[in-house]
Amino acid sequence: MSIEARRAEYLRTIGIDLWVPRDGLRGGAAQAGGDPLEAPQPACARPPGPADDADAWERLRAEVRGCTRCALHQSRTQAVVGVGPERCDWMVVGEAPGAEEDRRGEPFVGRAGQLLDAMLGAIGLSRGANVYIANILKSRPPGNRDPRPEEVQACLPYLHRQIELVQPRLLLAVGRIAAQNLLGTDAPLGKLRGRVHRFGERGVPLVVTYHPAYLLRSPADKRKAWEDLKFARATLARSLTGS
Ligand code: SF4
């Protein structure tokens, strides 16, 4: 399948109309929402961190997998650390593992994960190649209930260490729980979308969008999520050029 056809498939999956010129998708002329389709980004272009970082990752993974800091360790199948290059520009943060993630040990798998992959694919990103994906909580809350404050407090230091190691140039918070906990606010998601927040001492740009599980229930909002992704892509481009 050509790059353009694959991109078109991603956009169809996330429910975005595609304007196709008469000569079809050849030549990269197809547009979605008036924007040129994004070329696939190369596998992470950032050099890996120093050897110390590899040790730090090993320690972190081992610590999370054996973690008993909160009661969720009693009901999980396994802790879900994260997936992706250990240093890269994009980092996606979600809420917590669901049933499928708990079973497979990887964040954002199942239907919501497929939609996230399509959303990322539409802006040229690919799981495992050039985006790191993690959650606020590493263990599954029973019945997929919202994380409790004491669970977030216990688990958040792991995510902070992941962010230190990945050194993303853009954080994409997907869903209310991720956005509120990263930003330390109780503002509703609608108020957090559409602007650039800053995270941590390095002031990493942070953009907020919907959780793909929400978009599966509310497909009418996929268009807004697509706007968020384009906004995130433009934010990163601006920060890389210093403009
Ligand atoms: S949710 Fe986090 S703090 Fe709680 S047991 Fe799992 S890894 Fe530990």
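Q: What does it take for two residues to count as being in contact?

A: Two residues are in contact if their C-beta atoms, placed from the backbone, lie within 7 Å. In this protein, residues 24 or more positions apart account for 73% of the contacts with a separation of 6 or more. The model is a predicted one, in which local features need pLDDT of at least 70 and side-chain atom pairs count only at pLDDT 80 or more, whereas totals for chains, interfaces and linings use all residues. Numbering starts from 1 along each chain, following the sequence as it is written.

Q: How many helices and strands does the secondary structure come to?

A: Helices (H or I, at least four residues) and strands (E, at least two) are taken as DSSP runs and numbered from the N terminus. The protein comes to nine helices and eight strands.

Q: What share of the 243 residues is buried?

A: A residue is buried if 20 or more other C-beta atoms lie within 10 Å of its own, exposed if 12 or fewer, and partly exposed in between, with C-beta atoms placed from the backbone. Buried residues make up 39% of the 243 residues.

Q: Where does strand β4 lie with respect to the rest of the structure, and which strands does β4 join?

A: Five of the five residues of β4 are buried, so this strand is largely enclosed by the rest of the structure. In a regular strand the side chains alternate between the two faces of the sheet. Here Trp-90, Val-92 and Gly-94 point one way from β4, while Met-91 and Val-93 point the other way. Strands pair if DSSP finds at least two bridges between them; β4 runs parallel to β5 (residues 131-135), with five bridges, and parallel to β6, with four bridges. Tyr-132 in β5 is the bridge partner of Met-91, and Ala-173 in β6 is that of Val-93.

Q: Which residues have the most contacts inside the largest nonpolar core?

A: A nonpolar core is a set of buried Ala, Val, Leu, Ile, Met, Phe, Trp, Tyr and Cys residues joined through C-beta atoms within 7 Å. The largest has 59 residues, and Val-93, Leu-171, Leu-172 and Ala-173 have the most contacts inside it. Leaving aside neighbours within four places in sequence, Leu-171 is in contact with Met-91, Val-93, Leu-182, Phe-199, Val-204 and Leu-206.

Q: Is helix α6 mostly covered or exposed, and what do its buried residues pack against?

A: Helix α6 (residues 176-183) is mostly covered, with six of its eight residues buried. Those buried residues pack against elements including β4 (90-94), β6 (170-174) and β8 (204-209).
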